[in-house]
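Okay, everyone, thanks for coming. Today I'd like to talk about pockets, so let's put the structure up on the screen.

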Amino acid sequence: MRKTGWTMAALAMALAWALASVPAMAAGPVLAGGVPTTGWITLGTAGGPVASPTRSQPANALVTPDGVYLVDCGDGCVEQLAKAGIGLDRIKGLFISHLHYDHVGGVSALLGLRHQTSNYAPLPIYGPPGTQAMVDGLIAAMRPFTELGYGLPGVPSIDPATTVRVTEMRGGESGALNGLRFANAQNTHYSFAPGSAEDARFRSLAWRFETGGRSYVFTGDTGPSQAVIDLARGADVLISEIIDLDATVGLVQRQNPNMSAQGKAGMLQHLSHHHLPAAEVGRMAQAAGVRQLVVTHYAPSNPSAALVARMRAQIAARYHGPVVMARDVARY
């Protein structure tokens, strides 16, 4: 399953830090020429789908000796990679938790810009059912550009379909890619009945990765889930989503003052059952016995310093290990 890519110069930009300080255990951004051998980078820490002025959409990078693997790829992911000093030639795989746009909006740019910079090596993409259909649509959208090229007559084009390789997974599976071992579990971001037609078509996954003697577990978007606790058992780092229900509901109601009663009921059910409040984040981390907790995917996506502090305190009441409230382009 090993893949080789075309080399290009790594990009580097300065990063303006946002919100409160990160504890010493979280190093600063990775710069060009100094990419570490192993580490997790929270490229985008907003909880979508509303754009934030201070945080990018959900995306993560797992840096290994064999290359960099993306875990979700929200809008702006390519720019966040540039801030981290990671060129597209270093990307050796993409893992997708679920198909909501805030988590996959950057896949189009990733595929298109890889092609435009002559990175034609097939990119392995692992995701839930529906991933192949999504990628097929993106490949179709790439064809006018790939056939145009740079406007020079007689230059053959590279079929963009040859630059990707999709594997759909349903949860409870494992595998290896280069030196990276991975496993997944179906989480509770959806409420479809087990065995139903909807459950067969749509899954939301949590992911576990083992590399360099360390283990990282990414909850994805999820509600309380024993399957995620089991997947995270004994992990070095748990990267978890979080929601403050009162603040998020208030924000949604201000943005949608004419929402119907039925719409409000559905919104409340989704936010309260398909996401993790701070106390539940702490409970799951403690139950799994993880060594460190990194909190990301903030809802609301632009939390005040006071709200971040309150969420940290609620987590600490349940989880007794170190907690990091993540920022964009921070490494753990």
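Let's begin with what surrounds the largest pocket. By class, its lining has ten nonpolar residues, eleven polar ones and two charged ones. Keep in mind as we go that this is a predicted model.

So how much space lies in the largest pocket? About 430 Å³. In total, 23 residues line this pocket, and the closest to its centre are G48, P49, T248, V252 and L271. If you want to find them on the screen, start from there.

Now, which helices and strands help to build that lining? Four elements each supply at least two residues to the largest pocket: the helices α2 (101-104), α7 (245-255) and α8 (261-273), plus the strand β12 (293-299). And which of them gives the largest share? That's α7, with four residues.

Okay, on to the second largest pocket. Its volume comes out at about 290 Å³. Here we have 16 lining residues, and T146, G149, Y150, V155 and P156 are the closest to the centre.

Where does this second lining come from? Two helices, α3 (107-116) and α4 (131-148), each supply at least two of its residues. The largest share is from α4, which gives four residues.

Last thing: what is the second lining like by class? We count eight nonpolar residues, seven polar ones and one charged one in the second largest pocket.

To recap, look at α7 for the largest share of the largest pocket's lining, and at α4 for the largest share in the second largest pocket. Okay, that's me done, thanks for listening!

How values were computed. Residues are numbered from 1 along each chain as its sequence is written. This is a predicted model: local features need pLDDT of at least 70, side-chain atom pairs count only at pLDDT 80 or more; totals for chains, interfaces and linings use all residues. Side-chain values use heavy atoms; hydrogens and water are left out. On a 1 Å grid over the protein atoms alone, a cavity is a set of points where a 1.4 Å probe fits but cannot get out, and a pocket is an open set with protein on both sides within 12 Å along at least five of seven lines; lining residues have an atom within 4 Å of a point. Grid points are joined across faces, edges and corners, and a volume is the space filled by probe spheres set on the points. Ala, Val, Leu, Ile, Met, Phe, Trp, Tyr, Cys and Pro count as nonpolar, Asp, Glu, Lys and Arg as charged, and the others, Gly among them, as polar.
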